[in-house]
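Biologist: Please take a close look at the internal cavities of this model. Which residues line the largest cavity, and which secondary structure elements do they come from?

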Amino acid sequence: MGLHGVKAVFFDLDNTLVDTAAAGRHAIEEVIRALQSKHHYGEGEARAICDKVQAKLLKECHDPAKMCITDLRISHWEEAIQETIGGEANRDLAAECYYLWKTTRLQHLTLAEDTREMLTELRKRVRLLLLTNGDRQTQREKIEACACQPYFDAIVVGGEQKEEKPAPSIFHYCCDLLGVQPSECVMVGDSLDTDIQGGLNAGLKATVWLNKAMTTPVDTSPVPHYIISSVLDLPAVLQKMEHNVNAQLGTDHMASSNE
């Protein structure tokens, strides 16, 4: 059980274990079709509404104490429709678009079979934890939709904690949950700003950046310890880490023998 020096691996959820971006694209196309066929909007108008919603989602600031995520996101659709079409606000249509978008996105969120197999094998050797930022309701619905709970020893949602990634506190909370030290943990994720910076802030043993495009920016900051193009490449990285530790142990042993 275990790898030399690594006792736990933390995984990000969105666009790391599941392709949230692709699921989102399917959802948007579904709304565009509904706006055209059911509500007789032109394709240009329908796409403009959806583009505005996506822009609002990117800039979204949500305070659960003030408003639930459902109300906030229906408001995004309501504003986008009014900004595109003009006239009176249409809350009913906005709600219909939101629920269609949300339902379709959740339907397309799947944990691929090869990812499931990798997690199952990995868990025989180390403890696994899912660490995701975001609103409690939204992230719990995604976790439920992709049925990933059985593959993890613990699941931590940023929206349920005092601070989210990249704050060191949430990483240290995860370590405490699993009974491990930061120096025994590896963070895997697609975001340099939250996953990699957070892992570095918390003093984890290693950070692994999932960069599907494998087009590294000229100025990659922060600098991850490892870069992979698929989450399925992770076992090879862990093996490499173990090999490096074994080689170092061998070197140390030879040095002490020669003294």
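Modeller: What follows goes through the cavities one at a time. The model is a predicted one, and the count comes to two cavities of 30 Å³ or more. The largest cavity holds about 70 Å³ of space. Its lining is made up of I69, R73, Y98, W101, K102, R105, L106, Q137, T138, E141 and K142. Three helices, α3 (69-85), α4 (91-107) and α6 (136-146), each give at least two residues to the lining of the largest cavity. Among these helices, α4 has the largest share of that lining, with five residues. Sorted by class, the lining of the largest cavity contains five charged residues, four nonpolar and two polar. Two domains take part as well: domain 1 (8-19 + 111-256) and domain 2 (21-108) each contribute at least three residues to the lining of the largest cavity.

The second largest cavity has a volume of about 40 Å³. V31, A34, L35, H39, L93, E96, C97 and L100 form its lining. Here α1 (20-37) and α4 each supply at least two lining residues. Helix α4 again provides the largest share, in this case four residues. By class, the lining of the second largest cavity has six nonpolar residues, one polar and one charged.

To put the two together, α4 gives the largest share of the lining in the largest cavity and also in the second largest cavity.

Note on methods
Residues are numbered from 1 along each chain as its sequence is written. This is a predicted model: local features need pLDDT of at least 70, side-chain atom pairs count only at pLDDT 80 or more; totals for chains, interfaces and linings use all residues. Side-chain values use heavy atoms; hydrogens and water are left out. On a 1 Å grid over the protein atoms alone, a cavity is a set of points where a 1.4 Å probe fits but cannot get out, and a pocket is an open set with protein on both sides within 12 Å along at least five of seven lines; lining residues have an atom within 4 Å of a point. Grid points are joined across faces, edges and corners, and a volume is the space filled by probe spheres set on the points. Ala, Val, Leu, Ile, Met, Phe, Trp, Tyr, Cys and Pro count as nonpolar, Asp, Glu, Lys and Arg as charged, and the others, Gly among them, as polar. Domain bounds come from an automatic or database domain assignment.
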